[in-house]
Structures are given as structure tokens and as C-alpha cells.
Amino acid sequence: MAKKPKGEDTSPSVRYGEREGGGCDHTGCRSQEAYRCLYRDRRAVDCSWVACREHLRVVEGSAYCNRHASVVEVMIMSARQGNELLPPDLDNRCASLVRAVAADLEEPVVERLVRWGDANTSIINDPAIRYSRANRLQHDPGHWERSWALASKTGILLRVGVRVEDSRPETVVLTGGGTHLVELIPPWIMRRLSGGSGLGSQSELVERLAYQHQLLQALDAYVEKYGITYPGHTVGASA
Ligand SMILES: [Zn+2]
Ligand SMILES: [Zn+2]
């Protein structure tokens, strides 16, 4: 096999993830130029690793972190032998909680966006659960998020997000636009934290629906108060 060109090679055939601020995650690396690992697991959770070109590994034209490059290589090998594997879960607690709550909210949130929109709007519904790194300037901690949006031709009218922050892995934050609408620890996690046991499937369903209802109420109240408008700040107007 030919040796891979190193470093400066910017072969256009290689696909890199989105560019990220904050620099390479590789220990000891000082590179400020960094891209997201392209790995997405079978539940649409994206890898949170960000690295420079040198610390990403390219497999069949796509750049991954070392760990996922190996996973993807195994998948490719397996597919060649006629055995398709689904990308294994990232197994991150915060991402799993986002996924569980977002799965319950999916239908009612989309139903609302349809209702709040009109013939000129469209709905953005990307199943990806993505990690955003901490942003000190905006006092935004690192968090996992799944989002939906109502958009017009000129931009986003309303963005709804379900997020879980690294520092508070039990708390679900519902956002509308840039606002934190409500922060709630799901009842099943409360029970676990207080050492309680399961309730039985019937009661757990009721509990889940009640929790879902609380989140949706916060969203409805927000839209009732502010309506569907463009975000308050326009591009370039921020301080
Ligand atoms: Zn690096
Ligand atoms: Zn990765």
C-alpha cells in the first residue's frame, strides 16, 4: 500500500467534518485548525472529537478520530465480507438522555412547527445529536443537543432544542431561540438519584407523558408570548 501523504496535503477528495474553534483535542497538540470527526452512530449521535488534519485518520476519503477510524475500518471490512454492521453507539450518557427525551418530543414538536408555520415556511428536522464545545465568551457550557427549526426563505424563525450539558448530566434543558425555556430533571432519573426502584411500565409511561407535557407547556408559553419572529439580534448588530 502506498504511504499516505502527510500534513500539508489538502487533497480535495478527502472529506473533513465541520471546522471548529478551540483547537485540536489531541493531548499536547497546539494546532488551532481542527475539524469534527465524521463518525455518526446508528442512533444519529455524532462524535464530539475535534482534531487537526494530522490527528485525524482518513478512511476511504473521510476523516475520523483514531478510535472511529478503526471502527469504520472494521465496518468496511465486514461489509466486504457481506456482513453489514451498523455504526456502534457512542455510549455517552448525556447524548443518550438527549436521545430519549427528543424521541418523545419529536412528534409533538414537529406538529407544532407545522401549525405555527405557513405556506412559506419549512421545517428543519435533522435527527443528529451533536456536541457543541464550551464557549467561554458566551458562557455556554459544552453540551449535546438535538434540534428542530422553523425556517423561512431568509432564515430561521424559531429553533427548538433539547440539550444536556456536560456539567449537569441529569438535567434536560429545553431551548427556544437562544432562550433556556425550562430545565428539568426527568422523573425516572430523579427516582434513580434518590435510590428508588422502577414503577412498573404503566406508571412509567404516565410519568414520561407528564414530563413531556411540562416541556411542551414551556414551549407553548414562549411562543404565545413572543410569537414566531426573527431572532432579536440581526447579523452584525451584536456587541
Ligand atoms: Zn492535532
Ligand atoms: Zn470520533
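Visitor: Is Asp91 buried or exposed, going by the C-beta atoms around it?

Guide: Asp91 is exposed, because just 9 other C-beta atoms lie within 10 Å. The count uses C-beta atoms placed from the backbone: 20 or more others within 10 Å means buried, 12 or fewer means exposed, and anything in between is partly exposed. Before we go on, this is a predicted model, in which local features need pLDDT of at least 70, side-chain atom pairs count only at pLDDT 80 or more, and totals for chains, interfaces and linings use all residues. Residues are numbered from 1 along each chain as its sequence is written, while chains are lettered from A and ligands numbered from 1 in the order in which they are written.

Visitor: What is the phi of Asp91?

Guide: Most residues other than glycine have a negative phi. Asp91 goes against that, with a positive phi near 65°, and sits in the loop between α1 and α2. Ala44 also has a positive phi, about 70°. Ala44 lies in the loop between β2 and β3 and is partly exposed, with 16 other C-beta atoms within 10 Å. Gly82, just after α1, has a positive phi of about 85°.

Visitor: How do I check a helix such as α1, and what span should its 15 residues give?

Guide: Helices here are DSSP runs of H or I with at least four residues, strands are runs of E with at least two, and both are numbered from the N terminus. The expected span is 1.5 Å times one less than the number of residues. For α1 (residues 66–80) that gives 21 Å, and its end C-alpha atoms are 21 Å apart, which agrees. Helix α2 (residues 93–116) has 24 residues and should span 34 Å; its ends are 33 Å apart, which agrees too.

Visitor: Where does α2 bend?

Guide: A bend is the angle between axes fitted to the seven residues ending at a residue and the seven starting there. In α2 the bend is about 45° at Glu106, and Pro108 follows within four residues.

Visitor: Which elements do the buried residues of α2 pack against?

Guide: Two residues are in contact if their C-beta atoms, placed from the backbone, lie within 7 Å. The buried residues of α2 include Cys94, Leu97, Val101, Leu105 and Leu113. The packing partners are β6 (122–125), β8 (143–152), β9 (155–165), β10 (172–176) and α4 (201–226).

Visitor: How many bridges join β8 to β9?

Guide: Strands of a sheet pair through backbone hydrogen bonds, either parallel or antiparallel. Two strands count as paired if DSSP finds at least two bridges between them. Ten bridges join β8 to β9, running antiparallel, and the two form a hairpin with two residues between them. Trp144 is matched with Val164 in β9. β8 also pairs antiparallel with β6 through four bridges, where Ile124 stands opposite Ala149.

Visitor: What is the strand order in the open sheet of three strands?

Guide: The order is β1-β2-β3, paired antiparallel. β1 (19–20) and β3 (50–51) are at the edges with a single partner strand each, so one side of each has no neighbour in the sheet. β1 meets β2 (residues 34–36) through two bridges, and Arg19 stands opposite Tyr35.

Visitor: Which domains does the assignment give?

Guide: Bounds come from an automatic or database domain assignment, which gives domain 1 (19–80) and domain 2 (93–226). Their C-alpha centres lie 27 Å apart. Each domain puts eight residues into the contact.
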